[in-house]
Amino acid sequence: MGFFLETLIGGLMAGMLYSLVALGFVLIFKASGVFNFAQGAMVLFAALAMARFAVWIPAWLGLDSPFLANTIAFLAAGALMFVVAWLVERLVLRHLVNQEGATLLMATLGIAYVLEGVGTSIFGSDVYKIDIGMPKDPVMILEGSFEGGLLINKEDFVAALIAAVLVALLALFFQKTVTGRALRAVADDHQAAQSIGIPLNRIWVIVWCVAGVVALVAGVIWGSKLGVQFSLATVALRGLPVVILGGLTSIPGAIIGGLIIGVGEKLSEVYLGPMIGGGIEIWFAYQLALVFLLFRPQGLFGEKIIDRV
Amino acid sequence: MSRQIGEVILDLKNVSLSFGGVKALTDISFDVREHEIRAIIGPNGAGKSSMLNVINGVYRPQQGEIVLRGQHFSKMNPYKAAKAGISRTFQNIALFKGMNVIDNLMTGRNLKIRSNLIQQAFWWGPARREELAHRAKVEEVIDFLEIQHIRKTPVGRLPYGLQKRVDLGRALAMEPSILLLDEPMAGMNVEEKQDMCRFILDVNDQFGTTIVLIEHDMAVVMDISDRVVVLDYGKKIGDGAPDAVRANPEVISAYLGASH
């Protein structure tokens, strides 16, 4: 029982991080109907910026406090993501109002390559580390209730907590604020949104900023776990099955989808692994997504697609 | 009728619009007076929707200008138009399908909301009061259009006729001074048409809203409008009171498709 719970908790915590990545997709899709292929590149770009700023800025200002250095680097990287959002709107999206979804999708592919290229040429292509002082040592809990207690990885726990708070804030923002409502309006119909005086350009900047901040948080957390390197851009691919499962238009879907996939991966690895060989963790999520595509293409919480004929 | 038709509020001067080689509108001028119901009619492809899209700023005409309350606009855009008090409905309903009726109408209040993002996020004093005031206004629109029973229904699930009514509701929630209606009765049955006519007349009468509308149903147009503009192949072929337009030989031939 103790072992099962340990696996379950480990899965939930990993799942929270998948949710965070998936959230980036959902945000932009909801607000502009674009599937943003550049999300992975944004995670990489933000993480690179964070890792390098944390070294450059203290050296330049002569600071020694790592906490201060990290804080400043985080803010600077956040500001950089704002600039990226503004440029994306100015140079790309503004010229593509009312275009087909496929056109916008290709545009985001372009943005992905530009971000990766510019990122590596400014920040270099080595492997960097982000050290934000995450607690590394695991901790035992509930030793009284179970024999041997439950072993929890503190780093994962903190990361999951941060992700959960961010996800909750974003959900509230979308559902409860006037700006959130305007964002949803733009997602549904550009032209109608314009006709009632919703400034499309400003909305897009806002949503890409928010997606940029989500990418930054995801980049920092994953970066401090895995190191900042080019492969971080593929972390976003882990978000894909999550959005298929949860539905591209649903924030709760991204959260629950992430958790299901996190838990599913860990449990299948541990319990099915011995029977059909290891390495299930790698393909489990995609397999689950395929099943969903067959039987429920809109995902668990997505809007059902009904065509009027 | 109690309402008084006022001065010219919207004046279109020599508007020409083309898409590549296709001339959608050629040198069209007409005016709209305050508080009147002004119809634009014409056969299919006459340029009626293009005309509406020019007023609302969706299309930028190559030539000509729009004078709105004495202010000249050579480049209108939908945002400026909305700020200037022009709201519109769409021929193919363009509602926010994922939202319920109330939220759709609330988006119509967007321009009037003053509280900032942070206040909204914390549901803080002024933001809260403001939201409640706007909500009250939206409820008035809902009562006016008699759609109380579907307030919380996602609009995607509503039948066509009701969606059209919600579309009108969203435009009304903006409290516009000029309302543009793009075929408000297209695809409706007789009963729904009658309802829609009644709403249009009531909006005009009770709120004094100036209405510019495109409609195919000639009987309806002649019945409710004060003055009618007739377009054919992007050119203006008639303008005046319904009876005068009906008697205009050019209009008759455009509609019957025969040259007499």
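Student: How many residues does the contact take from chain B, and how many from chain A?

Tutor: Keep in mind that we're looking at a predicted model. The contact draws on residues of both chains, so to speak, and the tally is 28 residues from chain B and 21 residues from chain A.

Student: Which element gives the most to the side of chain B that touches chain A?

Tutor: The elements of chain B giving two or more residues to that side are α2 (78-83), β6 (86-88), α3 (101-107) and α4 (117-121). By class, that side has 16 nonpolar, 7 polar and 5 charged residues. With 4 residues, the one that gives the most is α2(B).

Student: How far apart do the C-alpha centres of domain 1 and domain 2 of chain B lie?

Tutor: Chain B is split into domain 1 (1-85 + 176-260) and domain 2 (95-175). Going from one C-alpha centre to the other, the distance is 27 Å.

Student: And where does the largest share of the side of domain 1 of chain B that touches domain 2 of chain B come from?

Tutor: The contact between these domains takes 10 residues from domain 1 of chain B and 10 residues from domain 2 of chain B. On the domain 1 side, the elements that give two or more residues are α2 and α7 (190-207) of chain B. The largest share there is 3 residues, and it comes from α7(B).

Student: What classes of residue does that side of domain 1 have?

Tutor: For the side of domain 1 of chain B that touches domain 2 of chain B, we can sort the residues by class. The result is 7 nonpolar, 1 polar and 2 charged residues.

Student: Over to chain A. Are α5(A) and α8(A) roughly parallel or antiparallel?

Tutor: Two packed helices are described by the angle between their axes and the distance between the axes. Here helix α5 (residues 154-176) of chain A and helix α8 (residues 200-226) of chain A pack at about 175 degrees, with their axes 11 Å apart. Angles over 145 degrees count as roughly antiparallel, so α5(A) is, relative to α8(A), roughly antiparallel.

Student: Which residues in α8(A) do Ala159(A), Ile162(A) and Leu166(A) meet?

Tutor: Those three sit in α5(A). By class, the contact of α5(A) with α8(A) has 6 nonpolar, no polar and no charged residues. The partners in α8(A) are Val214(A), Val217(A) and Ile221(A).

Student: Which element gives the most to the largest nonpolar core?

Tutor: In soluble globular proteins, nonpolar side chains tend to be buried together. The largest nonpolar core in this model has 165 residues, and those with the most contacts inside it are Leu17(A), Val43(A), Ala46(A), Ala47(A), Met50(A) and Val207(A). This core also draws at least three residues from each of domain 1 and domain 2 of chain B. With 18 residues, the element that gives the most is α8(A).

Student: Is Val34(A) buried or exposed?

Tutor: Val34(A) lies in the loop between α1 (2-32) and α2 (39-61) of chain A. Leaving aside neighbours within four places in sequence, its contacts are Ile28(A), Phe29(A), Gly101(A), Leu104(A), Leu105(A) and Thr108(A). A residue needs 20 or more other C-beta atoms within 10 Å to count as buried; Val34(A) has 23, so it is buried.

Student: How far apart in space are Ile132(A) and Ile221(A), C-alpha to C-alpha?

Tutor: Ile132(A) lies in the loop between α4 (101-123) and β1 (138-141) of chain A. Apart from neighbours within four places in sequence, Ile132(A) is in contact with Asn70(A), Val220(A) and Ser224(A). Ile132(A) and Ile221(A) are 89 residues apart in sequence, but in space the separation is 9.0 Å.

Student: What about His35(B): what is its phi?

Tutor: Most residues other than glycine have a negative phi. His35(B) is in the loop between β2 (22-33) and β3 (37-41) of chain B, and with 21 C-beta neighbours inside 10 Å it counts as buried. It is not a glycine, yet its phi is positive, about 70 degrees.

Student: And is Glu146(B) buried or exposed?

Tutor: Glu146(B) also has a positive phi, about 55 degrees, although it is not a glycine. Its place is in the loop between α5 (125-144) and α6 (160-173) of chain B. The cut-off for exposed is 12 or fewer other C-beta atoms within 10 Å; Glu146(B) has 12, so it is exposed.

How values were computed: Residues are numbered from 1 along each chain as its sequence is written. Chains are lettered from A and ligands numbered from 1 in the order in which they are written. This is a predicted model: local features need pLDDT of at least 70, side-chain atom pairs count only at pLDDT 80 or more; totals for chains, interfaces and linings use all residues. Two residues are in contact if their C-beta atoms, placed from the backbone, lie within 7 Å. Ala, Val, Leu, Ile, Met, Phe, Trp, Tyr, Cys and Pro count as nonpolar, Asp, Glu, Lys and Arg as charged, and the others, Gly among them, as polar. Domain bounds come from an automatic or database domain assignment. Axes are lines fitted to C-alpha atoms, for helices over the stretch in contact, and angles run from 0 to 180 degrees between N-to-C directions. Angles under 35 degrees count as roughly parallel, over 145 as roughly antiparallel, 65 to 115 as roughly perpendicular and the rest as oblique. A nonpolar core is a set of buried Ala, Val, Leu, Ile, Met, Phe, Trp, Tyr and Cys residues joined through C-beta atoms within 7 Å.
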